[in-house]
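Let's take a walk through this structure together, with the model open beside you. We will begin at an open space, move into the packed interior, and finish with how far the coordinates can be trusted.

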Amino acid sequence: METKFAKLISYIFHPLLMPTYAFLMLFNQKAYFAMIIPVSTRWRLSLIVFIVTFILPLMLVLLLKSLKRIKSLEMYDRKDRNIPYVVTAWFSFILYLILNNTQLSPIFKYFTLGATLLIVFAFIVNLKWKISIHMLAIGGLLGMFLGLTMMSVISNPWYLISLVFAAGLIGFARLKLLAHTQAQVYTGLLSGIAIMMILAVYF
């Protein structure tokens with residue numbers, strides 16, 4: 001039962017879904033940068049984010065699996081992750097370029113650039129060591145909201161509490177599935193938080 005729950009958590013909080021969750025959370029803020037965007041535009045942008053950062057990378061992974069370039073969709077083997085990391089980072093950067101040509105608040109561009117940097121960081125680390133991309137992703141999301149809160153851009157402690165709770169669930173899931181060691185889980189989480197918080201200060 002715990003194993004099934006761990007798999008469910010891993011699917012719900014899949015790293016490819018984190019950009020979509022991030023934009024939905026940002027659009028839901030009671031802050032000027034979000035409230036000036038019409039609701040219809042928010043949904044269209046969320047759909048674009050979902051397609052570029054989830055659907056397209058997922059299609060690539062399925063293609064790699066069909067070509068037997070990766071052993072499984074879970075990519076437990078460290079070497080299976082290199083190509084997906086590169087392509088996912090490219091898609092994330094494309095999204096950044098798209099948003100950079102809009103009148104959206106720099107906050108959305110900041111997160112997209114941060115997501116790209118996180119994937120590049122994961123790729124570099126993955127050349128020698130396996131890091132938890134699940135924890136890196138939730139850590140990045142938590143780091144973004146911590147950074148925005150520290151900069152007084154947003155003020156909603158429930159988001160932070162929810163993200164900390166989610167990070168705990170994801171960490172449990174990855175360890176339960178024996179997908180990572182504790183060091184890989186904690187390193188992923190702390191790296192994600194640190195990178196996004198530093199970017200929040202200097203963006």
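In this predicted model, a good place to start is the largest pocket, which is lined by 33 residues. If you want to centre your view on the pocket, look for H14, P15, L16, I133 and H134, the lining residues that lie nearest its centre. The volume of this pocket comes to about 760 Å³.

Which helices build the wall? Helix 1 (2-12), helix 2, helix 4 (39-66), helix 5 (82-100), helix 6 (106-126) and helix 7 each bring at least two residues to the lining of the largest pocket. Helix 7 gives the most, with five residues. As for chemistry, the lining of this pocket holds 23 nonpolar residues, alongside six polar and four charged ones.

Helix 7 is also a good guide to the interior. The largest nonpolar core has 57 residues, and the ones that touch the most other members are I138, L141, M144 and F145. Helix 7 (residues 133-150) supplies the largest share of this core, ten residues. Try selecting I138: beyond its neighbours within four places in sequence, I138 is in contact with M18, L163, A166, A167, I170 and L189.

Finally, how much confidence does the predictor have in all this? The protein has a mean pLDDT of 91, with 98% of its residues at 70 or more. Confidence is highest in helix 2 (residues 18-27), at a mean of 96, and lowest in helix 3 (residues 32-35), at 89. As a general habit, predicted coordinates should not be read in detail where pLDDT is low.

Definitions and conventions:
Residues are numbered from 1 along each chain as its sequence is written. This is a predicted model: local features need pLDDT of at least 70, side-chain atom pairs count only at pLDDT 80 or more; totals for chains, interfaces and linings use all residues. Side-chain values use heavy atoms; hydrogens and water are left out. pLDDT is the predictor's confidence in each residue, from 0 to 100. Helices (H or I, at least four residues) and strands (E, at least two) are DSSP runs, numbered from the N terminus. A nonpolar core is a set of buried Ala, Val, Leu, Ile, Met, Phe, Trp, Tyr and Cys residues joined through side-chain atoms within 4.5 Å. Buried means under 20% relative accessible area, exposed over 50%, partly exposed in between (1.4 Å probe, protein chains only). Contact means heavy atoms within 4.5 Å. On a 1 Å grid over the protein atoms alone, a cavity is a set of points where a 1.4 Å probe fits but cannot get out, and a pocket is an open set with protein on both sides within 12 Å along at least five of seven lines; lining residues have an atom within 4 Å of a point. Grid points are joined across faces, edges and corners, and a volume is the space filled by probe spheres set on the points. Ala, Val, Leu, Ile, Met, Phe, Trp, Tyr, Cys and Pro count as nonpolar, Asp, Glu, Lys and Arg as charged, and the others, Gly among them, as polar.
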